[in-house]
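Colleague: I would like a close look at one part of this model. Please take me through the aromatic residues and what surrounds them.

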Amino acid sequence: MTFVVTENCIKCKFTDCVDVCPVDCFHEGPNFLVIDPDECIDCTLCEPECPAEAIFAEDELPEGQEEFIEINAELSQTWPVITDVQEPPAEAEDWNGKPDKLALLER
């Protein structure tokens with residue numbers, strides 16, 4: 001099992017989660033974070049730290065979020081590792097909780 005960043009992170013990209021990750025498995029894209037499933041040790045530390053509640057255990061994904069397993073695996077291979085907390089985008093709170101953001105994912 002691994003943890004997966006899901007749709008609500010898109011355009012929110014809070015980085016509180018990366019600060020607690022003991023294995024640096026988060027990768028950063030233009031408007032989204034992903035978890036490398038090969039690096040994740042299932043420690044559960046990141047899940048409660050996400051202000052957008054966008055991180056789930058792979059076997060507890062909300063309905064309709066299953067494609068993010070593959071998205072995390074794919075993008076973690078090309079995006080750089082992120083290990084430090086950064087300021088969220090200026091409009092992060094405005095996007096938090098908005099549905100149907102997958103089309104806005106910048107690769």
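Modeller: A residue counts as buried when its relative accessible area is under 20%. Trp-79 has a relative accessibility of 8%, so Trp-79 is buried. Keep in mind that this is a predicted model.

Start with the aromatic pairs. The whole structure holds 2 of them. One joins Phe-32 and Trp-79: the ring centres are 6.5 Å apart and the planes meet at 80 degrees. Planes over 60 degrees apart count as edge-to-face, so this pair is edge-to-face. The two partners come from distant parts of the chain, 47 residues apart. Phe-32 sits in the loop between S2 and strand S3 (33-35). Trp-79 sits in the loop between H2 and H3. Phe-32 has a relative accessible area of 0%, so Phe-32 is buried as well. With Phe-68, these two residues make up one aromatic cluster.

Now the nonpolar core. The largest one has 31 residues. Within it, Phe-26, Phe-32, Ile-35 and Ile-55 touch the most other members. Several elements each supply at least two residues of this core: strand S1 (3-5), helix H1 (16-20), S3, strand S4 (55-57) and H2. Phe-26 shows how widely such contacts reach along the chain. Beyond four places in sequence, its contacts include Val-5, Cys-17, Val-18 and Cys-21. Leu-33, Val-34, Ile-35, Cys-46 and Ile-55 are also among them. So are Pro-80, Val-81 and Ile-82.

Next, Glu-28. This residue lies in strand S2 (residues 26-28). Trp-79 is one of its contacts outside the four nearest places in sequence. The others are Lys-13, Leu-33, Pro-80, Ile-82 and Gln-86. With Lys-13 there is a polar contact between the side chains, at 2.8 Å.

That leaves Gln-86. Gln-86 lies in the loop between helix H2 (67-75) and helix H3 (92-95). Its relative accessible area is 37%, so Gln-86 is partly exposed. Not counting residues up to four places away, Gln-86 touches Thr-15 and Glu-28. Val-20 is 66 residues away from Gln-86 in sequence, and their C-alpha atoms are 13 Å apart.

To put the part you asked about together: Phe-32 and Trp-79 form an edge-to-face pair, and Phe-68 joins them in the cluster. Phe-32 is also among the core residues that touch the most other members. Trp-79 is in contact with Glu-28, and the side chain of Glu-28 makes its polar contact with Lys-13.

Note on methods: Residues are numbered from 1 along each chain as its sequence is written. This is a predicted model: local features need pLDDT of at least 70, side-chain atom pairs count only at pLDDT 80 or more; totals for chains, interfaces and linings use all residues. Side-chain values use heavy atoms; hydrogens and water are left out. Helices (H or I, at least four residues) and strands (E, at least two) are DSSP runs, numbered from the N terminus. A polar contact is a pair of N or O atoms within 3.5 Å; within protein, one must be able to donate a hydrogen and the other to accept it, and residues adjacent in sequence count only if both atoms are side-chain atoms. Contact means heavy atoms within 4.5 Å. Buried means under 20% relative accessible area, exposed over 50%, partly exposed in between (1.4 Å probe, protein chains only). Rings of Phe, Tyr and Trp (its six-membered ring) pair if their centres lie within 6.5 Å; planes under 30 degrees apart count as stacked, over 60 as edge-to-face and the rest as tilted. A nonpolar core is a set of buried Ala, Val, Leu, Ile, Met, Phe, Trp, Tyr and Cys residues joined through side-chain atoms within 4.5 Å.
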